[in-house]
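Colleague: I'm new to this one, so could you walk me through it and tell me how each label is earned?

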Amino acid sequence: MKKQIPYTRDLVFVGGGHTHALVLRSWGMNPLPGVRVTVINPGPTAPYSGMLPGFVAGHYTRDELDIDLVKLCRFAGARLINGKATAIDPVTKEITVPGRPPVAYDVAAIDVGITSEMPKLDGFSEHGVPAKPLGIFASRWDAFRADAKDPKIAIIGGGVAGAELAMAMAYALRDRSPEISLIDRGEVLDGFNRPTRDRLLAALDELGVTLVEGADVSEVRTDAVCLADGRKIASGFTTGAAGARPHDWVSEIGLDLHEGFLKVGPTLQTSHDDVFAVGDCAHLTHDPRPKAGVFAVRQAPVLFDNLRAHLSGGTLRPYKPQKDYLKLISLGGKEALAEKLGTARRGALLWRWKNQIDRKFMNQFDTLPAMKTKLPSPVADGVVEVMGDVPQCGGCGAKVGRAALDTALSGLPATTRKDVTPLAGDDAALLTMGRTRQVLTTDHLNAITDDPVTLANIATVHALGDVWAMRAAPQAATLSITLPRMTAALQARTVAEITKTAAQVLADAGAALVGGHTSMGAEMAIGLTVTGLCKAKPITLAGAKPGDALVLTKPIGSGTIMAADMRRLAHGADVQACLVHMQRGQAQAALALAKANAMTDVTGFGLAGHLAGMCGASGVGARVKLSDVPLMEGALHLAETGVRSTIYPDNRAIEGVTAPDTARAALMFDPQTGGGLLAAIPKSLAQRLAGTQGIHIIGEITDEPGVVFDDG
């Protein structure tokens with residue numbers, strides 16, 4: 001038997017900067033067995049700074065600007081934590097990310113860039129937009145560019161970054177006669193020699209950018225920048241590009257600093273050998289260099305080699321930065337200026353060269369090697385058909401088909417216990433003890449994400465679904481955890497993350513985590529057995545009445561999105577949004593639907609399967625208008641390209657359901673994980689509730705047998 005190599009070390013990347021992105025790509029090509037990799041970043045993407053001026057000018061779309069970290073982490077075998085690190089303790093080796101348990105590490109690397117935030121400048125935090133971090137700036141600029149009718153812009157900081165932004169903004173808004181002011185306390189672009197500076201100043205002048213030199217900014221207001229000498233510069237969009245400063249929390253780590261930046265030596269290690277730092281947040285003590293992306297790119301292979309060496313007992317190598325580098329500066333339109341060793345040239349050919357360099361850099365993240373299913377040869381008949389040519393879905397997409405489960409359960413003898421009543425088909429039971437009515441249910445999920453905290457959130461919400469759907473109050477739960485092979489230290493870290501998370505979700509729902517069981521297996525899996533107390537008669541699948549409105553409390557599409565994520569076909573932002581939907585509890589929605597005639601949660605059998613179960617138990621039919629069913633962002637596009645979850649064929653074969661052969665209809669059979677509540681309620685109540693607690697009216701109950709999805 002081939003043995004799985006256990007995890008023995010945790011490697012954590014803090015930040016998704018250029019260096020880390022390149023290292024993750026290399027890691028996916030050549031991972032170090034035994035290392036569990038984690039990436040912490042406040043968002044599913046990482047903007048590429050080299051293309052920011054082109055994006056601002058309108059030459060690139062936002063998608064072209066961003067590195068998709070979700071796809072990259074999937075390729076690298078890393079878990080992505082969608083959050084912002086706010087502290088690192090090099091003594092306990094823990095990283096603080098608000099809203100979750102601490103993230104432990106054995107080795108960490110920091111690449112969080114810099115910020116242009118100006119906290120000491122009055123009004124900037126409220127009315128200004130720092131040029132860095134890039135993601136926030138790009139989103140705010142997108143909104144301003146779309147809506148501005150009489151654009152007035154002020155850029156604080158007359159260095160090359162500010163000048164590039166000023167020219168890009170002027171070009172993007174050239175048809176709206178923009179007023180753009182470039183403000184500096186000294187001279188604009190004074191870091192260049194005279195010939196180079198003259199060429200750049202000419203480019204600014206050609207685009208109508210006004211230079212405001214020798215000016216100290218005293219305050220930023222909603223509509224103006226106030227100068228110390230009393231002048232006011234009109235501005236509806238004020239950005240800061242005045243130099244670079246480190247993030248405030250970096251200074252509190254306890255590592256050695258140089259003017260707030262992390263001091264690193266030739267091997268890119270900080271004052272704690274287990275913590276590396278690269279990019280703009282680091283200061284090279286052995287050979288100080290300016291803050292420029294070219295150095296971050298060239299640090300990547302050294303960081304990759306040194307992380308592997310440090311984690312495996314090897315020898316680290318030094319990073320030797322180049323003395324000078326080519327500066328390619330965008331001039332607004334498709335023209336650039338090139339400068340090196342004091343010599344400068346300007347022209348359209350240089351922009352095409354810069355564009356080629358930038359697209360080549362980004363292309364390596366867009367064209368990651370394809371995933372392939374490798375099978376030994378020969379194999380037994382049927383193996384290829386069972387395994388297919390795509391990865392096995394996780395979550396509800398990995399469930400056994402309904403036919404197999406129904407066949408197995410149909411052979412069981414009926415219970416003779418008076419105090420046990422099966423409910424909702426195979427999902428749960430009602431236990432009666434005197435006047436006390438208790439719901440008992442269980443659910444179990446394979447890993448749809450490598451992050452134990454996110455999976456624990458989803459699994460707990462998913463398991464609570466039956467309790468909420470039956471109008472019960474969550475009471476208690478036990479936890480079942482399966483982990484891949486790993487050392488005792490990593491087991492302790494992972495189990496702690498899972499139990500703390502599940503306990504918090506249960507506590508928020510009014511229940512307690514009272515125990516659990518652990519084991520090791522091929523992959524991570526989390527299951528819960530949950531009880532709930534019923535003060536009133538539980539709502540079941542039976543009870544829907546003709547004329548009732550059908551309502552749904554969450555959009556559908558998680559099975560398709562997660563299947564695409566396994567194959568690196570989904571947009572990272574859509575995957576992260578999907579995970580957020582799956583983690584959203586349904587306690588408040590269940591309270592709003594407490595007068596439902598029938599209710600269930602939409603999980604593995606999809607909307608069509610669970611609706612068919614409700615109609616069968618109630619002796620009614622249903623008609624659903626496809627266009628009224630809310631869909632998760634990106635799900636329809638993926639369905640149109642042919643992406644389907646593993647269990648889709650079994651769900652599509654459910655009897656009594658009629659639907660057109662369209663991509664939108666296919667999503668009705670999509671297995672959901674942590675799905676919403678599906679309820680049959682009086683129409684008058686549905687109309688009052690529509691739009692609250694995520695409630696959508698999607699159809700109605702009819703007196704004709706069968707479930708019909710139509711486009712009418």
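Modeller: Sure, let's start with a pair: arginine 359 and glutamate 64 form a salt bridge, with their closest N and O atoms 3.2 Å apart. The pair links distant parts of the chain, since arginine 359 sits in helix H10 (residues 348-366) and glutamate 64 in helix H3 (residues 62-65), 295 residues apart. Keep in mind that this is a predicted model, where local features need pLDDT of at least 70 and side-chain atom pairs count only at pLDDT 80 or more, while totals for chains, interfaces and linings use all residues. Residues are numbered from 1 along each chain as its sequence is written, and side-chain values use heavy atoms, leaving out hydrogens and water.

Colleague: What makes arginine 359 and glutamate 64 a salt bridge?

Modeller: The term asks for a side-chain nitrogen of Lys or Arg within 4 Å of a carboxyl oxygen of Asp or Glu. Here the closest N and O atoms are 3.2 Å apart, so the pair fits that definition. The structure holds 29 salt bridges.

Colleague: And how do you know where a helix is?

Modeller: Helices (H or I, at least four residues) and strands (E, at least two) are DSSP runs, numbered from the N terminus.

Colleague: Why is arginine 197 called buried?

Modeller: Buried means under 20% relative accessible area, exposed over 50%, and partly exposed in between (1.4 Å probe, protein chains only). Arginine 197 has 7% relative accessibility, so it counts as buried. Its salt-bridge partner glutamate 213, with closest N and O atoms 3.4 Å apart, has 34% and therefore counts as partly exposed. Arginine 197 lies in helix H8 and glutamate 213 in strand E13 (residues 210-213), so the pair ties together parts 16 residues apart in sequence.

Colleague: What makes isoleucine 153 buried?

Modeller: Its relative accessible area is 0%, so isoleucine 153 is buried. Isoleucine 153 is placed in strand E11 (residues 152-156). Leaving aside residues up to four places away in sequence, isoleucine 153 touches several others, including Trp141, Phe144, Met169 and Phe237; a contact means heavy atoms within 4.5 Å.

Colleague: How do you know that strands E22 and E23 pair?

Modeller: Two strands pair if DSSP finds at least two bridges between them. Strand E22 (residues 327-330) and strand E23 (residues 336-340) have four, in the antiparallel sense, so they qualify. Leucine 328 stands opposite alanine 338 in E23. The hairpin of E22 and E23 has five residues between the strands, and glycine 332 takes a positive phi near 95° there.
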